[in-house]
Amino acid sequence: MMMTTTMRKKSAGFLFAYSRIFHSYQPLNLHHNNSLLRSGTSFCTPISRYFGSIRECRKAFQASAINHFEVPSGFRFRRIASLSSLVQRNPSFSRLNSDDIEFFRSILGEKNVVQDEDRLLDANTDWLRKYRGSSKLLLQPRSTEEVSQILKYCNSRDLPVVPQGGNTGLVGGSVPVFDEVIINLRLMNDIVSFDKVSGILVCEAGGILENLSSFLDNQGFIMPLDLGAKGSCQIGGNVSTNAGGLRLVRYGSLHGSVLGLEVVLADGRVLDMLGTLRKDNTGYDLKHLFIGSEGTLGIITKISILTPPKLPATNVAFLGCKDYSSCQKLLVDAKRKLGEILSAFEFLDNMSMDLVLNHLEGIRNPLPPTMHNFYVLIETTGTDESSDKEKLEAFLLRSMEGGLISDGALAQDINQISSFWQIREGIPEALMKAGAVYKYDLSLPVEKMYDLVEEMRVRLGNSAKVIGYGHLGDGNLHLNISTPQYDDAVFAQIEPFVYEWTSNHRGSISAEHGLGLMKANKILYTKSPEIVQIMGSIKKLLDPRGILNPYKVLPHSLHS
């Protein structure tokens with residue numbers, strides 16, 4: 001049995017009372033806050049929290065009857081969002097030949113020049129099995145010098161390349177569109193240095209986020225970002241996409257945490273910007289060009305990042321709210337009353353909760369028997385367990401007295417913390433198991449976020465289920481439209497409406513997932529033509545031949 005502290009209204013006052021809310025509790029194998037919970041001798045990686053096992057993902061996609069179509073180049077699409085027009089291969093690019101293979105073998109060795117069909121199939125296909133390229137070559141450099149030699153040669157030959165990390169992206173940014181050479185940095189995973197006084201970590205770009213987190217945990221520090229995919233994603237990919245995640249409300253974006261980078265440009269030149277200084281006002285801070293550029297301007301090979309100290313006290317509350325307005329007011333009050341200990345503020349609607357309860361095994365409603373219209377997960381981290389918990393409980397009681405909370409549960413141990421987080425992080429997996437899904441990652445003013453969900457429901461009627469959840473603390477909505485199978489009529493109702501609506505409310509069409517291939521031609525919904533033109537000029541300056549991750553981020557008209 002599992003015990004939680006629930007908040008329930010009793011006569012004129014309020015009372016925290018223990019109640020048994022899970023009738024058949026099964027230990028959860030999750031990573032959270034650097035704690036590994038084991039069940040027997042096996043454990044699951046965090047990527048399973050986010051997408052489920054590979055076998056489950058494949059079954060879900062097969063069950064949803066996804067349609068494929070293939071263009072003559074061999075690039076395969078799944079018929080879902082933002083693929084209404086086909087991409088044309090740049091005719092100025094060369095084709096790979098046997099001389100190229102021999103050159104790469106001469107610098108990398110036989111085993112790091114991969115032509116095996118099974119390994120190439122995985123490298124050509126994105127995690128969601130949505131995009132598939134037709135690359136015939138995967139290169140695995142072991143050093144910055146090898147990356148430099150590869151790019152210098154490819155640039156001279158007009159051979160396009162795709163930098164690839166853990167390949168966990170959701171917008172087709174890390175896989176080839178056609179036959180681009182894949183450069184995966186997984187062998188470049190060393191920790192270069194760590195300063196225990198400043199908390200500054202210097203590491204190579206191929207380091208797995210979870211491994212870096214484990215290293216820092218042993219040093220008494222944490223990474224400033226936490227992602228569901230941390231068991232597979234690489235820190236270089238995180239920086240290249242400016243990944244957000246669950247800790248952004250507390251520690252901010254990587255533009256603030258990353259102190260320095262080492263980057264290899266398209267022509268092989270190495271830019272050493274690997275500083276470890278908190279302050280450096282000497283000229284233009286060029287590292288920011290590469291954070292979030294998705295490998296289109298250069299390949300990041302090393303990172304210097306400021307890591308915060310690990311705090312001993314973590315508390316998590318799972319709350320039910322009657323309406324979205326209450327969620328907003330709760331966020332405002334949480335920032336004021338919880339202040340420096342607030343580390344996460346997530347929300348999900350009742351359709352999200354229903355999906356998780358119906359499609360994921362072992363999940364129980366923390367607030368039975370009622371289904372609330374909205375749910376909020378609040379996490380605090382601080383230095384004093386007793387003081388932090390008292391502060392959180394007082395905040396929750398005041399919020400309930402003010403009518404912002406209808407019901408709630410406060411986790412009493414790490415198992416309950418993990419089970420609460422599994423509800424929030426299990427939504428993507430539940431969506432995949434439910435059938436076809438159209439996914440949108442949007443930044444919007446917090447007061448307007450859920451209006452889009454409601455308008456989309458009116459627009460689509462009974463033809464689809466519209467689900468809204470996300471990082472309320474930083475205005476990031478994950479809008480998902482779920483259907484039994486992909487449907488052109490439904491898609492036509494979604495796009496371009498979703499982008500037009502976001503643009504009209506001065507939002508961003510990409511909050512944290514990047515643009516990749518999926519949204520490259522949609523950038524003008526968020527950025528002005530003048531800004532996009534300057535971006536194109538920067539691309540032309542740093543990569544004049546356009547070999548770095550072509551067809552991504554910028555409109556295809558700028559690549560032609």
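A nonpolar patch, as used here, joins nonpolar side chains within 5 Å, taken from residues with over 30% relative accessible area and no salt bridge. Keep in mind that this is a predicted model.

**Exercise 1. Find which residues make a nonpolar surface patch of about 350 Å², and place Leu 286 in the chain.**

Step 1: The patch is made by Tyr 284, Leu 286 and Leu 289.
Step 2: Now go to Leu 286, which sits in the loop between β15 (270-273) and α10 (287-290).
Step 3: Is Leu 286 buried, exposed or partly exposed? Partly exposed runs between 20% and 50%, and Leu 286 counts as partly exposed because its relative accessibility is 40%.

**Exercise 2. Work out what lines the largest cavity.**

Step 1: Start with the full set: the structure holds nine cavities of 30 Å³ or more.
Step 2: Pick the largest one, with about 810 Å³ of space. It has 45 lining residues, and those closest to its centre are Thr 168, Gly 169, Gly 237, Asn 238 and Thr 241.
Step 3: Look at the elements. Those giving two or more residues to this lining include α1 (46-51), β16 (299-306) and β22 (465-471), but α7 gives the most, with four residues.
Step 4: Sort the lining by type, and you get 16 nonpolar, 24 polar and five charged residues.

**Exercise 3. Describe where Met 371 lies and how far it is from Met 353.**

Step 1: Met 371 belongs to the loop between α12 (350-359) and β19 (374-382).
Step 2: With a relative accessible area of 36%, Met 371 is partly exposed.
Step 3: Along the sequence, Met 371 and Met 353 are 18 residues apart, and their C-alpha atoms are 8.5 Å apart in space.

Conventions. Residues numbered from 1 in each chain as written. Predicted model: local features only at pLDDT ≥ 70, side-chain atom pairs only at ≥ 80, totals over all residues. Heavy atoms only, no water. 1 Å grid on protein atoms, 1.4 Å probe; cavity = no way out; pocket = protein on both sides within 12 Å on 5 of 7 lines; lining within 4 Å. Points joined across faces, edges and corners; volume = space filled by probe spheres on them. Nonpolar A, V, L, I, M, F, W, Y, C, P; charged D, E, K, R; others polar. Patch = residues over 30% accessible without salt bridge, like charges linked within 9 Å, V, L, I, M, F, W, Y side chains within 5 Å. Areas by Shrake-Rupley, 256 points an atom, 1.4 Å probe, with all protein chains shown as cover. Salt bridge = Lys/Arg side-chain N within 4 Å of Asp/Glu carboxyl O. Buried < 20%, exposed > 50% of the residue type's maximum accessible area, 1.4 Å probe, protein only.
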